[in-house]
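Subject: Structure handover

Hello,

Here is the structure I said I would pass on. Please open it alongside this message, and then read the notes below it.

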Amino acid sequence: MALRIPSLRGNRLTAGTLARGLIAMILAAGIGWGGALYAANQSIQGAKKAEDTGFDGDAPTAILIEASSGSVLFEKNADELRAPSSMMKLMTAEVVFNAVKKGDIKLTDEYRISENAWRRGGAPSGGSTMFAAINSKVSVDDLLRGAIIQSGNDACIALAEAMAGNERIFAADFMTKRARELGMTKSTFANSNGLPDPGNKMTVRELGMLARHIILDFPEFYKLFGEREFTWNKIRQQNRNPLLNSMEGADGLKTGYTKEGGYGMVGSAVQNGTRLIVVVNGLEDPEDRATEAKKMLEWGFRNFETRTLIAAEQPVGYAKVFGGERRSVKLVAKTPVKVMVHKNGSDKLIARVVYSGPVRAPVEAGQRVGVVRVWRSGNIAVETPVYAAEAIGTGSTMRRAIDGASELVIGMFRAGAEKL
């Protein structure tokens, strides 16, 4: 069930036009294929080639996202697992942000810097550190600044030990659990700070998802990423993010480097009311990292603009209902479906409603049914949940029997087709 949307030129393609087209296409496709997953459910990898994307990226793995809609403007090997290095500190920070928001901990709580935190992450370690003194007590607020602004490994270890007892438990029961709750299915964590460990793996797509979540859900904490310096133990350190001093509107997020992972960065900037997020990883030089991130952001701001394809609460299609008083249920998106498109109107878009069906009655109004996915040039540009616009009650015994027989026949045909 694919709707091929014509190039967006001017404002000729309205939200109503797209919505009516989606409905017509879904009906034409025949929604009687019950029990199946409607439309493809896999991400399509981005390509490096300039003729396919309009951008030629040098980073081995990269992604560029518009923050508000989650629209992907460019991706390259975005689902390849790599060592995230200090960019993984974003996950530790999110766990702490969430704990503060829930009231489990307070910013004024003070945590002790253990000998382990001091030796492995402090002054003796030779790595990035906030230089917290052994056995000193540091507030959660200051530990967050040490982890975010100074990239302090000691700050992350202290947070992990205080919240979970030790880093391994924190990585497994706090970081991994929270990542799965946020929809990050591939990331794995072995410590709190990204120091070399085979168990530390993330994709640039999931780093981008994490950055977007922090920006949108924790605005009060996100401002920490834009602070230019932080002094602790009488040692002043500059924020390690090179974009803060080289690009208009840059205000986050985190750099990283290990020998295994190379140089990487999660960056974000706002220009003319549009926020973009860039993630690159695997580069061989810190200057290349900064140049590549800035180049991608500038390309995005220069070439794209936001268009609303479907307005909030506007019908986007129908889903088949099994055993209901009606055969189908109208689907709507609660928020506008927006996508970043090329300003020159050269994009070819494909929109698909994807759901597991048929949906069993009774169906409640507002019940989540699936998603509407929009592809641009072979890449998923945006994905938005769709919900039942109305309640559908349980149908008669005869209706349920007919639907059951129909599903049985369709299942037999599908089973036969799979054997061919």
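Glu313 lies in the loop between β11 (304-310) and β12. The phi of Glu313 is near 65°, a positive value in a residue other than glycine. Please keep in mind that this is a predicted model. Most residues other than glycine have a negative phi, and most peptide bonds are trans. The next few items are therefore listed as departures from that general pattern.

**Backbone**

Phe131 also has a positive phi, about 60°, although it is not a glycine. Phe131 is found in the loop between α4 (115-121) and β5 (137-139). With a relative accessible area of 28%, Phe131 counts as partly exposed, because buried would require under 20% and exposed over 50%.

Which residues are joined by cis peptide bonds? One such bond joins Gly252 and Leu253, with omega at about 10°. Leu253 belongs to strand β8, which covers residues 250-258. Another cis bond joins Ala361 and Pro362, where omega is about 0°. Pro362 sits in the loop between β16 (359-360) and β17 (368-376).

**The chain as a whole**

The protein chain has eleven helices and 18 strands. Of its 420 residues, 53% are buried. Among contacts between residues at least 6 apart in sequence, 67% join residues at least 24 apart.

Gly324 gives an example of residues separated in sequence but brought together in space: Gly324 and Thr394 are 70 residues apart in sequence, and their C-alpha atoms are 4.4 Å apart. Gly324 is found in the loop between β12 (315-322) and β13 (328-332). It is buried, with a relative accessible area of 1%.

**Helix packing**

Two packed helices are described by the angle between their axes and the distance between the axes. Helix α7 takes part in both of the packings described here.

Helix α3 (residues 89-102) packs against helix α7 (residues 167-181) at an angle of about 80°, with the axes 10 Å apart. That makes α3 roughly perpendicular to α7, because angles from 65 to 115 degrees are put in that class. On the α3 side the contact is made by Met91, Thr92, Glu94, Val95 and Asn98, and on the α7 side by Phe170, Phe174, Met175, Arg178 and Ala179. By class, these residues are six nonpolar, two polar and two charged.

Helix α6 (residues 153-164) also meets α7: their axes come within 8 Å and cross at roughly 75°. That again makes the arrangement of α6 and α7 roughly perpendicular. Ile157, Ala160, Met163 and Ala164 of α6 make this contact with Glu167, Ile169, Phe170 and Phe174 of α7. Here seven residues are nonpolar, none is polar and one is charged. Phe170 and Phe174 appear in the contact with α3 and also in the contact with α6.

Is Thr92 of α3 buried or exposed? Thr92 counts as buried, at 1% relative accessibility. Leaving aside residues up to four places away in sequence, Thr92 touches Cys156, Phe170, Met175 and Ser192.

**Rings and charges**

The count of aromatic pairs comes to ten. One of them is Phe97 with Phe225, an edge-to-face pair with 6.4 Å between the centres and 90° between the planes. Phe97 lies in helix α3 and Phe225 in the loop between α9 (219-222) and β6 (229-232), so the pair ties together parts that are 128 residues apart in sequence. Phe97 and Phe225 are both buried.

Trp299 and Phe304 also form an edge-to-face pair, at 5.2 Å centre to centre and with 75° between the planes. Trp299 and Phe304 are buried as well.

Ring pairs also link residues into a cluster, made up of Phe97, Phe218, Phe221, Tyr222 and Phe225. Beside one member of that cluster there is a charge: Lys101 lies over the face of Phe218, at 5.1 Å from the ring centre. In another place, the charged end of Lys334 sits over the ring of Tyr387, 4.1 Å from its centre.

Regards

Technical notes. Residues are numbered from 1 along each chain as its sequence is written. This is a predicted model: local features need pLDDT of at least 70, side-chain atom pairs count only at pLDDT 80 or more; totals for chains, interfaces and linings use all residues. Side-chain values use heavy atoms; hydrogens and water are left out. Axes are lines fitted to C-alpha atoms, for helices over the stretch in contact, and angles run from 0 to 180 degrees between N-to-C directions. Helices (H or I, at least four residues) and strands (E, at least two) are DSSP runs, numbered from the N terminus. Angles under 35 degrees count as roughly parallel, over 145 as roughly antiparallel, 65 to 115 as roughly perpendicular and the rest as oblique. Contact means heavy atoms within 4.5 Å. Ala, Val, Leu, Ile, Met, Phe, Trp, Tyr, Cys and Pro count as nonpolar, Asp, Glu, Lys and Arg as charged, and the others, Gly among them, as polar. Rings of Phe, Tyr and Trp (its six-membered ring) pair if their centres lie within 6.5 Å; planes under 30 degrees apart count as stacked, over 60 as edge-to-face and the rest as tilted. Buried means under 20% relative accessible area, exposed over 50%, partly exposed in between (1.4 Å probe, protein chains only). A charge sits over a ring if NZ of Lys or CZ of Arg is within 6 Å of the ring centre and within 35 degrees of the ring normal.
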